[in-house]
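I opened the notebook with one plan: start from a strand in the middle of a sheet and work outwards. Contacts between the chains and record annotations come at the end.

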Amino acid sequence: MQLLQWFLMGIMFTLGSIGVAYLSTKVKMPWYGWSTVIIGSILVLFGIGWSGASFLEGVAQSGAMALMLMSMPGVLMVVLAYRYFATQIVSKS
Amino acid sequence: MTTKNISQNETANEQLEADLDNPERRTLLKRAAIGGGAVLAAGMGSYAAGKSSVQGVPDLSWPVVTDDFKSFPQRNTVLSYAISPQQMMRHPERNEQFGRLNKNNPNYNFQVQVPGYEFKPWDNSRPGFTQLDHALQHSSWFPPFSTELRLAGLGTPNSRFYSWDQSDVELEQYQFGSEKEASDAIRAAAKLYGAVRCGIARRDKRFDYDPIYDAGITTEMMNSLESQGVHKLRDYKQVAGAMQEAMKEFKVQDRELTWEHDFPFVPKSVIVLAVPMDYDNLATAPSRTSGATVGDGYTKMATLASSIAKFIKNLGFQAVACGNDLGSSVAYGIAAGLGEGGRNNQLLVPGYGPRVRICKVYTDFEFVEYDQAHTWGMTEFCKSCKKCGEACPSQAIDMSDDTHFYYDGEHSDQPGYAWGNHEGIKKFHTDAKKCFDYWLESDNDCGACAAACTFNEPDYWHHWFIMAINPYTPKFIHSLMAELHPAFGYGSTEDPAKVKKFWKTGEGMRVNETNRHAFGAVGKA
């Protein structure tokens, strides 16, 4: 089951990378904005990975704590960075 | 190829060229590849660094000892004292002092409680102490009770599995191509026979018990006491009377043995082996349920160590297997690079914490690649984390902020109180008398300190991650990690939910599709 988890995490990572890359073509942000988004995304992924392993080992409390202490701050970081630093790139066409 | 197909291909090619010409898509692909690749490379780098970190760093400073540090006489271990009626008569002041200071009972006596240990009746209203749990605990001790291992577990040397007999050593000595080849062969055999860790240390006299002590108790005597029902008596005067009769009948005579005159050879190497205890079972500690993985561990120690000793003898070299006897398993475990000394005085093994049992093989075979002590920052972590001490029902664990050379816990100011402590080495010093007293009182092997330990973790990546970053984290983070451990749901003791969980771990055993959730792992199959 843990191998399946790694596989799913790989898919999520790939989709996340494409997502951030897509975002970079649509919005402009200063370097600290992008850093916050990337670190936030990694935190989200880390929390999901931790949570998955915790559920596999049967300690649901650990999984819940990981989502709360890692993934949730990650989501907040991404959202706040987007909210405060992102400006739309206006298409020239 | 038809005209229609050609037309379709041309359309697809045109679309691809249009996509590639599209600067926005090119940027997207480029950034996804470069960004994702960079993060992936950083992740793989971190993984490699983590793999390296969990190997530990050689600890050349270990052991830190005083100038007068020397071997510990085995007769002074608490277990040796507690099973010896003759030591009871020789040192009544030890019982009296412990009882007076800790139990408000100057007539306290370790020895008379031992025959009835783990024989109190079950209580079906108390999770972990029901007939089901009682049945499990006693079934785990059935092999040790049948094969002299019960006495070996209490430190009696030269028993059936841990025999000193060398008459079966092959005359021809096998020649290994290199020291590494020899060590690898020993490790391979150890793995085959159930070891989860194996290290080879040079024999160090300071860590051997010297002199070795045999309390003179025999399996026949213990069986005789049981057949008379002495183990069910709760009147200690009656127990003492029965013990005196048995001592006369079986002519019990304790003796001390020396390495120079009694041990069959001069050991050069000590092979240190660790067998795992079951995570979910130990998590129920302290209970009769968790006593099962302890009893089972004693059987596994004996089969493993005796098999390795026989393997060495078959190669033409002398070897003696041992469990708790002959020397300090924790010190040799550290010397063999298996782990570090914890606050609870147990060996903390990366990936297991204290959830292992240690056995050893003394041998004169020395053409091996020796291991050396390593550190993973675990003892350092223990300085900030006191979870084992907080979980200890008898307050036996050293709660000092740092390691030190002498026992300085409760009653350390009383003359002779630390008779059971091996002093002169920098470590934490527990009060083993309080610990064993709790065993006798609670009628189980406790194990609360091991269950509560922050390093007692199942085999999942996030626990290895913590292990890997531990050496690089500062002290205040250690304190935070220690506090988060219970907050994340780990390390609770005296928890009926853990007992319930353990009894569900058999689900899925018919197929068990991962082969992972076997003994020593965790969770349902």
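**Entry 1. Strand S9 of chain B.** I began with S9(B), residues 356-363. The model is a predicted one. I asked how many of the residues of S9(B) are buried. The count came back as eight of eight, so I can call this strand mostly covered under the cut-off of 20 or more other C-beta atoms within 10 Å.

Next I split the strand by side-chain direction. Val356(B), Ile358(B), Lys360(B) and Tyr362(B) point one way from S9(B). Arg357(B), Cys359(B), Val361(B) and Thr363(B) point the other way. Both sets are buried, and they include Lys360(B) and Arg357(B). The split follows a general pattern: side chains in a regular strand alternate between the two faces of the sheet.

**Entry 2. Partners of S9(B).** Which strands are joined to S9(B) by bridges? I found S5(B), residues 269-276, joined to S9(B) by eight bridges and running antiparallel to it. I also found S6(B), residues 319-322, which has four bridges to S9(B), again antiparallel.

I then listed residue pairs along these strands:

- Val270(B) is opposite Tyr362(B) of S9(B).
- Ile271(B) is opposite Val361(B) of S9(B).
- Ala274(B) has Ile358(B) of S9(B) as its bridge partner.
- Cys322(B) is opposite Lys360(B) of S9(B).

**Entry 3. Strand S5 of chain B.** I ran the burial check on S5(B) too. Eight of its eight residues are buried, and S5(B) is mostly covered. Ser269(B), Ile271(B), Leu273(B) and Val275(B) point to one side of S5(B). Val270(B), Val272(B), Ala274(B) and Pro276(B) point to the other.

S5(B) also pairs with S2(B). The two are antiparallel, with six bridges between them. Here Cys198(B) stands opposite Leu273(B) of S5(B).

**Entry 4. The whole sheet.** I put the pairings together. They give an open sheet of four strands in chain B, ordered S2-S5-S9-S6, with antiparallel pairing. Why do S2(B) and S6(B) each have one side without a neighbour in the sheet? They stand at the edges with a single partner strand each, so one side of each is left free of a neighbour in the sheet. I noted the twist as well: it averages 20° from one strand to the next.

Two helices pack on this sheet. H9(B), residues 179-192, touches S2(B) and S5(B), and its direction makes about 140° with that of S2(B). H13(B), residues 288-314, touches S5(B), S6(B) and S9(B), and its direction makes about 25° with that of S9(B).

**Entry 5. Nonpolar cores.** Which residues touch the most other members of the largest nonpolar core? That core has 107 residues, and the answer is Leu273(B), Ala305(B), Ile308(B) and Ala321(B). By element, H13(B) gives the most, with nine residues.

I pulled the contacts of Leu273(B), leaving out residues up to four places away in sequence. Among them are Ala190(B), Cys198(B), Leu304(B), Ala305(B), Ile308(B), Ile358(B) and Cys359(B). Leu273(B) thus joins my sheet notes to my core notes, as it belongs to S5(B) and to the core.

A second, separate core has 13 residues. It includes Val37(A), Leu43(A), Trp50(A) and Val78(A).

**Entry 6. Chain B as a whole.** I stepped back for totals. Chain B has 21 helices and ten strands. Of its 525 residues, 45% count as buried. Its C-alpha atoms fill a box of roughly 110 × 60 × 50 Å along the principal axes. Among contacts between residues at least 6 apart in sequence, 78% join residues at least 24 apart.

**Entry 7. Where the chains touch.** I counted 21 residues from chain B and 18 residues from chain A in the contact. On the side of chain B, the elements giving two or more residues are H2(B), 23-53, and H19(B), 461-469. H2(B) gives the most, with eight residues. This side divides into ten nonpolar, seven polar and four charged residues.

**Entry 8. Record check on chain A.** The unreviewed UniProt entry lists residues 6-24, 31-52 and 64-85 of chain A under "transmembrane region". I looked up two of these spans in the model. Residues 6-24 of chain A are 100% helix, with end C-alpha atoms 27 Å apart. Residues 64-85 of chain A are also 100% helix, with end C-alpha atoms 30 Å apart.

Notes
Residues numbered from 1 in each chain as written. Chains lettered and ligands numbered in written order. Predicted model: local features only at pLDDT ≥ 70, side-chain atom pairs only at ≥ 80, totals over all residues. Buried ≥ 20, exposed ≤ 12 C-beta atoms within 10 Å, placed from the backbone. Pairing = 2+ DSSP bridges. Contact = placed C-beta atoms within 7 Å. Nonpolar A, V, L, I, M, F, W, Y, C, P; charged D, E, K, R; others polar. Axes fitted to C-alpha atoms, helices over the stretch in contact; angles between N-to-C directions. UniProt positions renumbered as here; feature names shortened; annotations may be inferred. Core = buried A, V, L, I, M, F, W, Y, C linked by C-beta atoms within 7 Å.
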